[in-house]
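Hi,

Here is the structure I promised to send over. Have a look first, and my notes follow below.

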Amino acid sequence: MRIVFAVICFVIFNGLFAQQTASVSGKVFSAQSAGSLALAHVTIAETGASAVCDSNGNFRFTGLREGRYLLRFSFIGYAPDSLRINLKAGDHRARVNMTLFPAEVSIPEVIITATRTEQLRGSVPAKTDVIRKEDIDRMPFVTVDELLSLSPGINVTRDYGIYNKTGDVTLRGLNRNVHSLLLMDGLPLSLLDGSASNWNRLDVDQIERIEIVKGPNSSLYGGNAMGGVINIITRKPTERFEGSGKAFYGSYATLGGNIRLAGRTGKEDRKYFYSVVDAYLRQSDGYVMAPDSIRTINDMELYVNEYNMGSKLGYVIAPRHFIETEYRYSYDMRGTGSILFEQGGNFNRYRTHYARGRYSRTTEKTRLSLDVFWKREHYRKQNESVKSSGAYTFYHTNAVSEESGLFFLWSTLLPGNQELTVGADIRRGSTDNEDTYHTSADTVAYSGSLGFYGVYLQDQISFFKGRLNLVAGLRFDAVQLSGASFSILSPSLATAFMEPYQGAFPDTTWLAVSPRVGLQWGFSDNKSIYLSWSQGFRPGTLSDMCRTGDVNKGFKLANPALLPESMDNFELGALLAFGSRFTLEPAVFYSIGHRFQNFVGTGDSMYTSGTRLKPVIRRENIGEVHIYGAELRYTWQISTHFDFIFNYSFNQSRIMKYELGAYIGKDLTGLSLIEVPEHMLFGRLHWKNRWVNAALGAKYSGATWLDDENTVSTEPVFLLDLKLYRTFLKRVTTAITIQNILGTRYTDSKGMLNPGRFMLAEVKFRY
Amino acid sequence: MNRNHNRLTLNSYILSGNALPVLICSVFLGFLMLGTACKKEVEPAGPEIRLVFDPGYTTEGATVAIGKAIRFRVEASGPDANLTNFTVKKLYGGITKTVLDSGLNSASFSTGLTFYQGVEDQVEWQLSVMDRNRNEATVSLTVYKDPNSTFGGIYEFNHIKMGYQSNTAFGHYFLPLLNKVFFDDSAALNQDKTDILVYFNFREDNGVMLPSPTFSSPGEETSASGELYDLYYPALTSWTTRNYTKYDIRVENGLTEELFNQAHNDSLLIVSYDDVWGKKKYKWAIAGTLIPLQTASGKKGIILVEQADLEESGTITFSLKLQM
């Protein structure tokens, strides 16, 4: 009887037990590669059970009781994540898939731009920022320059959104984009002639990361690296074959897309070829920027029609030893918002050819690189207008700017924890500019060349096992203006007033010495402070040195004797990481600008085009400017689902000396530089979840002065942007970006409206 | 060796990466070819211009008395590209003087022009059009001064006193034909005879705002909008005839008060006014300023400013010599 009872009990309990167990299995993926993640860890919070994924990213837990469980997923270099599941008794088919994203702060960041050698960002005695691919994907922005809002102290002005002619980026309280140097893969994208860098020709999806170094960096890069250096690094293939494509449609009938095909022929440790082909297209009907109150029948939409394409081909001889070539072509045509008779109305059009080559070899102790590049930009402007006198004027500006350069760098590790870097740069640029009138016989032309010949030396020394790092650098530049001339063919009344100013200008040469010293002290692996002093300079633009003509402020005379502006910068900053969740990066700086250039009156005035009496002006080295400011960048990984970035910057840019001498004009001593907001804030909250990921960006830019006399200012601008996105089937991502979600309409310094709310829906596929 | 083992489908061949450099190099070369592709140029036809010698228009070799009208009728077209410029030049004694330089954007035009015979014995008139491709076409004819012609008579108006826009004692409009200074109501009844008006404001010169007594006319703006119409004399907006007087704005015009006082025929008036510099108003008309002008009916004249107050309720006093 006892035996029978025991058997019955065994069967009942065994049956009950068997009914209460369950299993769960699943797979872990990498968001970065879209493939599985082998060796990822999965643990069950309630039981402490853990598993390691197999080579295909698979895992499985068995013998679980019915109930709710929290599964935790983790892997080195990836942000941990978790998922709650409900298991029912007897359920052995429960399946969970998890995608892990690369960690935000746990990987030490390497930066090249700060020293032209690979350095950990925390060991560089300068204010640097790196905007990574993951950040780019999580920003509610559609142009590359807007991404720079992630770095404090950068003033990105894009009042017309995607319809802006070029995009305008200034750093650290300076107010002209020629004060900073824009690089792509380490080579200049800014034109030497001083025209604004055209951010429109860059496609967000081709960018791997953006490195930013604040403050003067002429000790390594020479001219224009005064407010800072922005280096855009493009993507290289990581797989044997990879491809992606995107299509988008949005407000104002904006449509377009891109495609990228890339691959390589071998594994990383062998010789192989790699190549990339990409193309991008964007068109938009645009909007009318003139407010209703001043709109006329001659106002039309600011349309956009642009495309670019590129091809990169490289050969890896050995790991970190490669040759690479690249060719790019871009076409960018934008309406300026008015039309009279000519088809397409007034417009700006750029056609740019760009080619470069690189040889680079890095060994354990040395690095050698040789770069060459060539760029040719055709700029065409169509301009029709009716003057106040009723006279109709129609002309084309045709400008060809050509530039080439050779850059050599060699660095080596020396005994005593030293790294010595030497280099030589040759860079030449020229412009041939012609205004061809159709409503008169005139042709106004100017041309000139600017050559930079620089050599530099940099020593980096580490003490106390790398806790103390000293960087000292010095660069000599010889800069020559040559072939400068200004001429008028067949002058009529439209240009006859400029006839006396024709002729060839004498060649001029000047030297620049740019030193830099920086000291960085690391308290621990993730906390450091730095102190630095550096000098930077920027030459006058070719337009200021060679072009005589009518500008808004008056009748401008060319000044080939214009000297470069220079700047001393003293800076103190820190990089403070608290665990893997918080980083705080404060910096304060004080800059003294010398020989700043400004327009001054010669005392004469004349009727330009025979209708308006205008003062005769010339850009001269007049002022001394003091800029002081503070920056703070704060990142917070709130949880596995939320992360937050906050930037604040304060800039005060004052003219401390204004030496007019024999020139005429108001003494601007004590006044502020125009177009510099005193306060700027940017915040971004990102929410990652199973349904729809969201990124909310908020940007505040303070009021700026519009005139040198500081009598007219803009209103502060506050904008909210939103991006919603979700990835399906691991390869298809859909996104909706809404810029200016409040639909704020404001006018710029010219009284023209921004586009208001701007939406873009996109579908992206990657293979 | 079994060659079949090496046989790959095109797809797998591409995906293996072996063909990728070849593929991408091809695209690379394609880009280069695109960049160097050339188009066959087609020679465009140039513009055409001709003079129409209808009755009343000046013909080749005509003789015209000093101060009398020279009239042209011009027809021009641009079969290949729109016409964008029309110029009229006078060539005499080795001098080339542009008397009309106008922008337009039209496939064709037909217009009548009136100029006035100067003191030159012989003038070659060149009329040219240019299209948007900057191709040109020119016609010319020669006109001679009538050897028997003499300089014409002039009206002399002395010490005319006018009030600016806020002056209630003196009128703002001058009517040479009537030798009268009128306020709004009376001038409105004589719109076709009103050639000169005055107002006062501040104008910028070389970054400095300077007080500016200003000579203008009812036709200052063809649109009848702007500060003259909106602020100073709003009644003008309802006028149906707004005469347009042009003032030669050159600072250095070679005139002196002595020359002005000695002028008893129209020779000085004719040679002083240069239509190229003829603008819709004359600013900063302070005492002592001499201003050549041409009325809507083509009469040339010279103003000598004798007194000018520097406030908007003030007055301005001037003498005027005008062709009969």
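**Cavities and one sheet**

Pro188(A), Tyr221(A), Phe407(A), Asp425(A) and Arg427(A) are the residues nearest the centre of the second largest cavity, which has a lining of 15 residues. A cavity here is a set of points on a 1 Å grid over the protein atoms alone where a 1.4 Å probe fits but cannot get out, and lining residues have an atom within 4 Å of a point. This is a predicted model: local features need pLDDT of at least 70, side-chain atom pairs count only at pLDDT 80 or more, and totals for chains, interfaces and linings use all residues. Residues are numbered from 1 along each chain as its sequence is written, chains are lettered from A in the order in which they are written, and side-chain values use heavy atoms, without hydrogens and water.

That second cavity holds about 140 Å³ (the space filled by probe spheres set on the points, with grid points joined across faces, edges and corners). Its lining has eight nonpolar, three polar and four charged residues (Asp, Glu, Lys and Arg count as charged; Ala, Val, Leu, Ile, Met, Phe, Trp, Tyr, Cys and Pro as nonpolar; the others, Gly among them, as polar).

The largest cavity has about 240 Å³ of space. Of its 22 lining residues, Phe141(A), Val142(A), Val204(A), Lys246(A) and Glu762(A) lie nearest the centre. By class, ten are nonpolar, three polar and nine charged.

In chain B, three strands (DSSP runs of E, at least two residues, numbered from the N terminus) form an open antiparallel sheet, ordered E1-E3-E6. E1(B) pairs with E3(B) (residues 69-77) over four bridges, where pairing takes at least two DSSP bridges. Arg50(B) has Glu75(B) as its bridge partner.

Cheers

Conventions
On a 1 Å grid over the protein atoms alone, a cavity is a set of points where a 1.4 Å probe fits but cannot get out, and a pocket is an open set with protein on both sides within 12 Å along at least five of seven lines; lining residues have an atom within 4 Å of a point.
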